[in-house]
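Please read the following account alongside the sequence and the model, moving from the ligand outwards to the helices and the core.

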Amino acid sequence: MDARPSAPVPPPGCPAHGSGSRVPLYGPEFAADPHAYYSYLRSYGPAAPVELAPGVEATLVTDYTAALQLLQDSASFRKDSRRWRAFNEGHVTPDSPVVPLLAYRPNCMFSDGAEHLRLRQAVTDSMARIDQRRLSRTTEQVSNYLIAQFGYRGSADLLGSYARQLPLFVFNELFGCPADIGDRVLFGISGMFDGVNAEKAAEVLFGAVGELVALKRTRPAEDVTSWLMQHHAKLTDEEMVHQLALLLAAGTEPLGNLIGNTLHRLLTHDAYAHTGGLIDDAIDETLWENPPMSNLAPHYPAVDMDFAGQRLQAGDLVLVSFAAANSSPALAAARQASSRAHLAWSAGPHACPSKDPARQISVTAIENLLNQLPDIQLAVPEESLTWRPGPFNRGLSALPTRFTPVEPARRPAQHARPEPPVRAEQAAQANRTPERGGRWSQFLNWLTK
Ligand code: HEM
């Protein structure tokens, strides 16, 4: 029986139209106004039937209390996606666009119980060893380098040229990547996110990370790779590669979107003056209203059960909408009481283990940009900005800006070359093997000038 009230109207473009079909969380209509979809989904109760991609069915928890209940009950809800019934029964095929993110890998994100504790502890202990001053210095150096590539032009797409680039360079430094390995890590991870020749990009990335692990076994240093390796969890080489790949994948995409979504907020809300003091507030408000991971935390019920008004079978895919939970009407009072009660970092045993370094990188990156380009403003009407489609991440396609040109502190690496559109550049790169002298080498050369 359909228990939905009749009043709420499906948002424009949503084929649900009260017929009982699943609400699609993909496509341009969802990307254009996800909150209209979340309002509608609330009419089902604390959880609703959705489709993540054509034919990929899931239950989405939109209510804050139900979300916390799920995230904290690891006996009833498991993370190991080898339990995913629709995938095991062939209803979802390996070529589905959601499979790369949901398919099992031997890392902490897909583990439960004692195995999860062991793998996660290695990550949290290693990330905790990052020196905050070093992290700020590295972020500032990368920020200066990236600004030097476009600052003299007086205009830039802050997404492609800054927000999405900066985390990749910072991670290369944290991991202790030498030039040739770092070039391939940047090439591989960018290609995987861009989806251009993603298979080859993944091969390059895993090959490079494998070499990094072999290198640090013989020549450990003060970096996250070596700390992970030295941890008493005693990770095997295979586990090392998967943990590092997870850190890169789980870290760089949402970090780029946190920087991008916060810059978008700062540039579109008059209330923010361009001063360092308000950046923390803008980050918090972004985490509440526009969290970089909007719908994730895939879980699989261990047994058949009733949950949040839905009948679930063991192995069904259940996700949490961090974005919808944050805007639950019932949460308004909690938001007044605590500026950080939101679920943008998730909660429970699988909550993000890196929110402190992620915040620190974001604050430094935004502060340095605004200090160097104090009159930066949007170069297009706000209404013309578009968001990348897809159910999981929330990030702009581009953030075109203009500002008074600045003389770079040091000469940019490719001063004479016009800025290529990032996607075209990556497409070109995807068809050839990355060579020595790639983006990481250029940054290292620039540092020593
Ligand atoms: C330094 C950057 C970051 C690193 C290294 C990192 C790393 C990770 C890792 C390893 C996990 C899996 C934890 C587990 O399963 O036990 C995770 C989960 C998560 N992270 Fe982060 N993260 C970073 C930045 C961010 C940012 C900027 C956001 C967005 C605000 C974010 C939101 C989340 C969320 C929501 C989860 C739970 C995902 C799920 O259960 O499916 N993270 N992160």
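**Around the ligand**

Helix α13 gives the largest share of the shell around the ligand, seven residues. The model is a predicted one, and in it the ligand is surrounded by 28 residues, of which the closest are Gly251, Pro254, Ser346, Cys352 and Ser354. The elements that contribute two or more residues to this shell are α6 (113–128), α13, β6 (295–301) and α17 (355–372). In character the residues of the shell divide into 23 nonpolar, four polar and one charged.

Helix α13 itself deserves a closer look. With 32 residues at 1.5 Å a residue, α13 should span 46 Å, and because its end C-alpha atoms are 46 Å apart, the expected and computed values agree. The helix is mostly covered, since 23 of its 32 residues are buried.

From α13 the reader can turn to the nonpolar core. The largest nonpolar core has 118 residues, and those with the most contacts inside it are Leu41, Val61, Ala67, Leu166, Leu205, Val209 and Val320. The largest share of this core, eleven residues, is supplied by α13 (residues 237–268). In soluble globular proteins, nonpolar side chains tend to be buried together. Ala67 can serve as an example of the contacts involved: once its neighbours within four places in sequence are left aside, Ala67 is in contact with Val61, Val320, Ala325 and Leu343.

Which residues does Pro167 touch, not counting residues up to four places away in sequence? They are Gly251, Thr252, Leu255, Gly256 and Ile361, and Gly251 is also among the residues closest to the ligand. Pro167 lies in helix α9 (residues 166–175), and it counts as buried because it has 27 C-beta neighbours inside 10 Å, where 20 or more are required. Pro167 and Ile361 are 194 residues apart in sequence, yet their C-alpha atoms are 8.0 Å apart in space.

A further pairing across the sequence involves Tyr145, which lies in helix α7 (residues 132–150). Tyr145 is buried, because 23 other C-beta atoms lie within 10 Å. Leaving aside neighbours within four places in sequence, Tyr145 is in contact with Phe443 and Trp446. Tyr145 and Gln442 are 297 residues apart in sequence and, C-alpha to C-alpha, 9.8 Å apart in space.

Conventions. Residues are numbered from 1 along each chain as its sequence is written. This is a predicted model: local features need pLDDT of at least 70, side-chain atom pairs count only at pLDDT 80 or more; totals for chains, interfaces and linings use all residues. A nonpolar core is a set of buried Ala, Val, Leu, Ile, Met, Phe, Trp, Tyr and Cys residues joined through C-beta atoms within 7 Å. A residue is buried if 20 or more other C-beta atoms lie within 10 Å of its own, exposed if 12 or fewer, and partly exposed in between; C-beta atoms are placed from the backbone. Helices (H or I, at least four residues) and strands (E, at least two) are DSSP runs, numbered from the N terminus. Two residues are in contact if their C-beta atoms, placed from the backbone, lie within 7 Å. The expected span of a helix is 1.5 Å times one less than its number of residues. A residue is near a molecule or strand if its C-beta atom, placed from the backbone, lies within 6 Å of it. Ala, Val, Leu, Ile, Met, Phe, Trp, Tyr, Cys and Pro count as nonpolar, Asp, Glu, Lys and Arg as charged, and the others, Gly among them, as polar.
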